[in-house]
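The following note is intended for a colleague who has not yet examined this structure. Please keep the sequence and the model at hand while reading the numbered points.

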Amino acid sequence: MKIAITGAGGQLGYDLKRVLIPMHEVIAWNKEQLDITNEQEVAQMLLAARPEVVIHSAAYTNVDKAEMESERAYEVNAMGALHIAKACEEIGAKLVYVSTDYVFDGTKGAPYTEADTPNPSNVYGHSKLLGEKFVSLSCSKHFIVRTSWLYGKHGTNFVTKVIEKALAGGPLTIVDDQWGSPTYCLDLAIFLRELIDTELYGLYHASNEGECSRYEFAQQILLAAGLSQVSLLPVLTSDCPPAPAVRPMYSAFAHQAIANNGLTPLRDWQSALHFFLQLDYYDPALLKKKV
Ligand SMILES: NC(=O)c1ccc[n+]([C@@H]2O[C@H](COP(=O)([O-])OP(=O)(O)OC[C@H]3O[C@@H](n4cnc5c(N)ncnc54)[C@H](OP(=O)(O)O)[C@@H]3O)[C@@H](O)[C@H]2O)c1
């Protein structure tokens, strides 16, 4: 298949390229090559390339900054998605829109299913939800795939930040009352590769299986990286300086659409994390410490 990726310079974009290039013809657009806020450019590029599938992973992802730059966040996450969706409809392409657990307010207290009603509590979540609505209204062949707590080889994320702090000697203080489902970008990319080969359109929750608190996640990161001697202390969110954006306290996913459609579930979050840190992630400082 001919597949176009937006936001190809990002964390998920990197793993999408790794997973798709060996099997498909891939057009990978980073921000410099395709600015999704430019409607005319989006239409022209998609019309010229005529991919059969577009994986739209470009986004404004700085959750705290979005509170101060809300206009820009809506421009990228909502209007950008609309431009892509309209162009996909025009050329008859399938569209994958990657969305977020932050569309939920975190008050459910049990894993969120695709049937739950979103109620975002920050600008980022609201702008992504608007993107979802634009996609579902403007492109008939759409997959909306919500994911959460992404980490991968390319980019800065919770895993790389924990390792960086631990290598600096710690101690680390991590919140023990925010719960979610970590997701290894490579596993998500493999899931998306399977999904785009189908016509099982609709809404999906896709994360690694299971859930944990940020503190438990950090514990496993230190263990898998061979850094469990570093001191790690649990704290409450209410004991930390307030961040500009309110985060859902609980946003773990149930994966009903994956199960109902007979698709392959992502592996459990602990196995994914150990695989990532032992076989995929490379940090010279960490390697030096181990040798
Ligand atoms: N990271 C997470 O924990 C998480 C959780 C749930 C869902 N998601 C969703 O998953 C998707 C992938 O996230 P990620 O972690 O890979 O994010 P990322 O690393 O920030 O990648 C997003 C990419 O989009 C690019 N971009 C920003 N504005 C653009 C524009 N106007 N036109 C074209 N490209 C633009 C960014 O470029 P610059 O960096 O140069 O701005 C960046 O390369 C996003 O849709 C995100 O909302 C992420």
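In which hand of crossing does H1 pass H7?

1. The crossing of H1 past H7 is right-handed, a crossing being right-handed if the near helix is turned clockwise from the far one by less than a right angle, and left-handed if anticlockwise. Helices (H or I, at least four residues) and strands (E, at least two) are DSSP runs numbered from the N terminus.

2. On the basis of the note, the model is a predicted one, in which local features need pLDDT of at least 70 and side-chain atom pairs count only at pLDDT 80 or more, while totals for chains, interfaces and linings use all residues. Residues are numbered from 1 along each chain as its sequence is written, and side-chain values use heavy atoms, with hydrogens and water left out.

3. On the overall extent, the UniProt record (an unreviewed entry) places the feature "domain: RmlD-like substrate binding" at residues 1-278. UniProt positions follow the numbering used here, feature names are shortened, and annotations may be inferred rather than shown by experiment. Over residues 1-278, helix accounts for 40% of the chain and strand for 17%. The C-alpha atoms at the two ends of that range are 32 Å apart.

4. On the geometry of H1 and H7, the two axes come within 8 Å and cross at roughly 55°. H1 and H7 are therefore oblique to each other. Axes are lines fitted to C-alpha atoms, for helices over the stretch in contact, and angles run from 0 to 180 degrees between N-to-C directions. Angles under 35 degrees count as roughly parallel, over 145 as roughly antiparallel, 65 to 115 as roughly perpendicular, and the rest as oblique.

5. On the residues joining these two helices, H1 contributes Gln11, Leu12, Asp15, Leu16, Arg18, Val19 and Leu20, and H7 contributes Cys185, Leu186, Leu188, Ala189, Ile190, Leu192 and Arg193. Contact here means heavy atoms within 4.5 Å. By class, the contact of H1 with H7 has 10 nonpolar residues, one polar and three charged. Ala, Val, Leu, Ile, Met, Phe, Trp, Tyr, Cys and Pro count as nonpolar, Asp, Glu, Lys and Arg as charged, and the others, Gly among them, as polar.

6. On the setting of H1 (residues 11-20), seven of its 10 residues are buried, so the helix is largely enclosed by the rest of the structure. Buried means under 20% relative accessible area, exposed over 50%, and partly exposed in between (1.4 Å probe, protein chains only). The buried residues are Gln11, Leu12, Gly13, Asp15, Leu16, Val19 and Leu20. Their cover includes strands S1 (2-6), S2 (25-29), S3 (53-56), S4 (94-100) and S6 (150-151), together with helix H7 (185-195).

7. On two residues of H7, isoleucine 190 is located in this helix and is partly exposed, with a relative accessible area of 36%. Its C-alpha atom is separated by 7.8 Å from that of leucine 16, although isoleucine 190 and leucine 16 are 174 residues apart along the chain. Aspartate 187 also belongs to helix H7, but counts as buried at 7% relative accessibility. Leaving aside residues up to four places away in sequence, aspartate 187 touches Asn208, Leu266, Arg267 and Ala272.

8. On H4 and its partners, the axes of H2 (residues 39-49) and H4 (residues 70-91) come within 9 Å and cross at roughly 30°. That makes H2 roughly parallel to H4. H2 passes H4 in a right-handed crossing, and the H2 side of the contact is made by Glu39, Val42, Ala43, Leu46 and Leu47. H4 also packs with H5 (residues 123-138), at an angle of about 15° and with the axes 8 Å apart. H4 and H5 are therefore roughly parallel to each other. Their contact divides into 12 nonpolar, six polar and three charged residues.

9. On backbone angles, most residues other than glycine have a negative phi. Arginine 50 has a positive phi, near 45°; this residue lies in the loop between H2 and S3 and is partly exposed, with a relative accessible area of 48%. Tryptophan 149 has a positive phi of about 45° and is placed in the loop between S5 (142-147) and S6. Tryptophan 149 is buried, with a relative accessible area of 9%.
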